[in-house]
Amino acid sequence: MTTIDVAGVRVDTRHYINGQRVASAETYTNTSPIDGSFLGEIARGGATEVNLAVDAARAAFPAWAALGPRGRGELLQTLAELVEANIEPLSQIETLDNGALLRSHRRGVMPRVAMNIRFFAEWAMNELHHEVFDTRGHSNHVSWDPSGVAALITPWNAPLMLATWKIGPALAAGDTVVLKPAEWTPLTASYFADLTREAGIPDGVFNVVFGYGAEAGGPLTAHPGISRISFTGSVPTAKVIAHAAADNLTPVSFELGGKSPLLVFEDADIELAASLAVEQYDNAGQVCLSGTRILVHEAVADAFAAAFASKAAVLVQGDPREETTDIGPQVHSTHFARIQGFVDRAKAEGAQFVWGGEPNRELGGLYFTPTLVRDPEPGSEIVTAEIFGPVLCMQTFSSDAEAVAMANGTEFGLAAVVVSGNRSHAERITAELVAGTIWVNCFFVRDLRAPFGGSKKSGIGREGGTWSFDFYADVKNTVFSPNGWKE
Ligand code: ADP
């Protein structure tokens, strides 16, 4: 079977290489996290398919690069329009495949996918001014040249959104692409490949290889024919990829995990703080940016806990296709068991679960109840490890210095949320925090012009705006002398 029916939409289960569908000898089974139902058998790629895809991407590179930002931009605009015309099928497919809310896909995520394509196409055309500056009469011309084949390895928590956050700038920069989506959520990448074809993106410019991390991602990241690796995923996998990249000195951009703090100060609006805290359950807690460590000033801890409880109590857990659902299932049984393991070990150590702390018995399957642990042992696993589920920790502090030390006290540095009613207080705190993104009295406001990435073990490099092009392109400086001209 080469195509499957997903929510009434035909989706191809084969790789997309050089504009063609390519099968593999082996497949793997893909199921829906909503109810465990069978979705399809997906092509299970390895070195053979990766080599074909990289060869195709290399062959397509010169002509794609030669099109220039404007030529590429026109095709990418068409692609963005096609994504917009397909928001409903893309949303339906993604929800069945990864279990995230249908309403979020329809209203936020898929429009953002289109924006990822359009924004970077426009940025390449309009904002990457070929900068010129003078050095004693010599002029320096800075340009962002296409670099070759970008290998993109993406996770399952926001599959098409995170893939296009890389595909958009890579294609706009003039690179060709081989995408290896996460094995648990391959389907929107396949549907998107069809859209690239419909948009007239030339064969070989965009390729997708499906399969497991080590089997398909391994040969891709070790391939000497690629020029960039952009990866979003876990720290352990990043280390494996860094080793693979080392042999060819392939530049990497890594967006990794987090255990971000959400700081609630004594001067905070407690209702706002509680709303922001409850938002951390979004996508069933499967968000790298989540502020999963809630650090509250001891003077407002009880007031905060009460406000949190009243907001958490009205959250609806259930089928992510229902408009009223706030929290859906975890993505996969393996991941569910991992979350359960964290919670069970914390319980065994005597941690106090004031909210949730167990699977949702009524719903069964992969639904885990939103959970809050209060005053866990400092330094214990539940406060230091990324759980990537609906499990929040609440700890208290008594001074700014203690708050900052706790906030910065993990190996991660992806994001932080600061809730304070006093601007200069908030500014003093944000200056001390180590994180790629800090939100003050808000969460998840993301502008594609802004740099995005993590400090410490949360990543290497930044993407967004020109930062994306600094990575995907070869940045070149050409110096013209005032001397030696014959005309
Ligand atoms: P998780 O553990 O949450 O699934 P990973 O970091 O393992 O996160 O997965 C993110 C992406 O990395 C997926 O597309 C996965 O297939 C891929 N991946 C996993 N292992 C490797 C590897 N050894 N080489 C390249 N890619 C990999």
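Okay, let's start with strand 7 and strand 8, which covers residues 138-146. In this predicted model, those two strands pair in the antiparallel sense, over four bridges. If you want a spot to click on, take Asp-134, which stands opposite Ser-139 in strand 8.

So what holds strands together in a sheet? In general, strands of a sheet pair through backbone hydrogen bonds, and the pairing can be parallel or antiparallel.

Now zoom out a bit. Strands 7 and 8 belong to an open sheet of three strands, in the order 7-8-24, and the pairing is antiparallel. Which strands stand at the edges? Strand 7, residues 132-135, and strand 24, residues 473-480. Each of those has a single partner strand, so one side of each has no neighbour in the sheet. On average, neighbouring strands here are turned by 30° against each other, ignoring direction. And there's a helix too: helix 15, residues 465-472, lies across strand 8 and strand 24, and runs at about 90° to strand 24.

Let's stay on strand 24 and pick one residue, Asn-477, which lies in that strand. Buried, exposed or partly exposed: which is Asn-477? Asn-477 counts as partly exposed, because its relative accessibility is 41%, and the partly exposed range goes from 20% to 50%. Leaving out neighbours within four places in sequence, Asn-477 is in contact with Asn-140, His-141 and Val-142. With Asn-140 there's a polar contact, side chain to side chain, at 3.1 Å. Now, for a sense of distance, look over at Phe-342: that residue is 135 residues from Asn-477 along the chain, and their C-alpha atoms are separated by 50 Å.

Here's another asparagine. Asn-116 has its place in helix 4, residues 102-126. Asn-116 counts as buried, because its relative accessibility is 0%. What does the side chain of Asn-116 reach? The backbone oxygen of Met-161, at 3.2 Å. Again leaving aside neighbours within four places in sequence, Asn-116 is in contact with Met-161, Thr-164, Trp-165, Gly-168 and Leu-448.

Next, a hairpin. Strand 5 and strand 6 form one, with six residues between them, and Gly-36 in the turn has a positive phi of about 75°. Strand 5 is residues 27-31 and strand 6 is residues 38-43; they run antiparallel, joined by five bridges. Thr-27, for example, stands opposite Ala-43 in strand 6.

Where do the side chains go? In a regular strand, side chains alternate between the two faces of the sheet. Strand 5 shows that nicely: Tyr-28 and Asn-30 point to one face and are buried, while Thr-27, Thr-29 and Thr-31 point to the other face and are not.

Compare that with strand 14, residues 261-264. Pro-261 and Leu-263 point one way, Leu-262 and Val-264 point the other way, and all of them are buried. Strand 14 runs parallel to strand 15, residues 293-297, and four bridges join them. Find Leu-263 and you'll see Leu-295 of strand 15 standing opposite.

Those two strands sit in another open sheet, this one with seven strands in the order 16-17-18-15-14-20-21 and mixed pairing. At the edges are strand 16, residues 352-355, and strand 21, residues 437-440, each pairing on one side only. The average turn between neighbouring strands in this sheet is 25°, direction ignored. Within it, strand 17, residues 371-374, pairs with strand 18, residues 391-397, in the parallel sense over four bridges. The bridge partner of Val-373 is Cys-393 in strand 18. Helix 10, residues 301-312, packs on this sheet and touches strand 14, strand 15, strand 16, strand 17 and strand 18; its direction makes about 160° with that of strand 18.

Last stop: empty space. Rolling a probe the size of a water molecule over the atoms shows where empty space is left. How much space lies in the largest pocket? About 1,000 Å³. There are 38 residues lining that pocket, and the closest to its centre are Trp-156, Phe-231, Gly-233, Ser-234 and Thr-237. The elements giving two or more residues to the lining are helix 7 (213-222), strand 12 (228-232), helix 8 (235-248) and helix 11 (333-348). Helix 8 gives the most, with six residues.

That's my tour, thanks everyone.

Key:
Residues numbered from 1 in each chain as written. Predicted model: local features only at pLDDT ≥ 70, side-chain atom pairs only at ≥ 80, totals over all residues. Heavy atoms only, no water. Buried < 20%, exposed > 50% of the residue type's maximum accessible area, 1.4 Å probe, protein only. Polar contact = N/O pair within 3.5 Å; in protein donor to acceptor, adjacent residues only side chain to side chain. Contact = heavy atoms within 4.5 Å. Pairing = 2+ DSSP bridges. Axes fitted to C-alpha atoms, helices over the stretch in contact; angles between N-to-C directions. 1 Å grid on protein atoms, 1.4 Å probe; cavity = no way out; pocket = protein on both sides within 12 Å on 5 of 7 lines; lining within 4 Å. Points joined across faces, edges and corners; volume = space filled by probe spheres on them.
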